[in-house]
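Let's take a walk through this protein together. Have the structure open and follow along as we go.

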Amino acid sequence: MEAVNNDTVDDADFVAAGSEKLVDGVHARSSLDKGKSYQLAVVCAGTGKAQMVVKFSRVEKREMLTCDGTPSYLRISDAPEQLTLDVDAAANSTGAAAWRISRVRV
C-alpha cells in the first residue's frame with residue numbers, strides 16, 4: 001500500500017486518497033479541476049482479485065487488479081470536474097484497496 005501513500009495533504013499536488021477493506025469496497029467521487037492532468041494510483045493487497053472501474057467524462061475504464069500489492073496507474077489528461085472510482089472484491093478475495101489522486105505538472 002506504500003505505493004499510494006507518498007503524497008500528503010501538505011503536498012501541493014495531493015488531491016484525494018483513501019483505503020477500504022475489500023469487503024466494503026471503494027466507492028469514491030472526487031472533484032477535479034476541469035482541464036488539468038492527474039494520475040490515479042490504485043493498489044489491492046491481500047488475496048484474490050478486485051474489479052476496478054474508473055469513470056470520467058464519457059470514459060469508463062475497467063481493470064481486474066491482482067491483490068498482490070502491485071499498483072495500477074491511470075493518467076487522466078484534460079480532466080472533467082468529477083471522477084468516480086469503484087473497487088469491488090472478486091469472489092473469495094480478502095484484503096484492502098487503497099487509492100490516491102495527484103495533480104500532474106506538465
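**From the surface to the core**

Start with arginine 105: its relative accessible area is 61%, so it counts as exposed. Keep in mind that what you're looking at is a predicted model. The side chain of arginine 105 meets that of aspartate 13 in a salt bridge, with 2.6 Å from N to O. Follow the chain and you'll see that this pair ties distant parts together: aspartate 13 sits in the segment before β1 (14–21), arginine 105 in the segment after β7, and the two are 92 residues apart.

That's one salt bridge, but how many turn up in the whole structure? A search finds 5. Two of them involve glutamate 60, so let's look there. Glutamate 60 pairs with lysine 55, where the closest N and O atoms are 3.9 Å apart, and also with arginine 62, at 2.9 Å from N to O. Because they share partners, these salt bridges join Lys55, Glu60 and Arg62 into one network. As for exposure, glutamate 60 is partly exposed at 42% relative accessible area, and lysine 55 is partly exposed too, at 37%. Arginine 62, at 55%, counts as exposed because the cut-off is over 50%.

Now head inside. The largest nonpolar core has 24 residues, and Leu40, Leu85, Val87 and Trp99 touch the most other members. Strands β2, β3, β4, β5, β6 and β7 each supply at least two residues, with β3 (38–56) giving the most, 8 residues. Zoom in on leucine 40: beyond its neighbours within four places in sequence, its contacts include Val54, Leu74, Ile76, Leu85 and Trp99.

How values were computed: Residues are numbered from 1 along each chain as its sequence is written. This is a predicted model: local features need pLDDT of at least 70, side-chain atom pairs count only at pLDDT 80 or more; totals for chains, interfaces and linings use all residues. Side-chain values use heavy atoms; hydrogens and water are left out. A nonpolar core is a set of buried Ala, Val, Leu, Ile, Met, Phe, Trp, Tyr and Cys residues joined through side-chain atoms within 4.5 Å. Buried means under 20% relative accessible area, exposed over 50%, partly exposed in between (1.4 Å probe, protein chains only). Helices (H or I, at least four residues) and strands (E, at least two) are DSSP runs, numbered from the N terminus. Contact means heavy atoms within 4.5 Å. A salt bridge is a side-chain nitrogen of Lys or Arg within 4 Å of a carboxyl oxygen of Asp or Glu.
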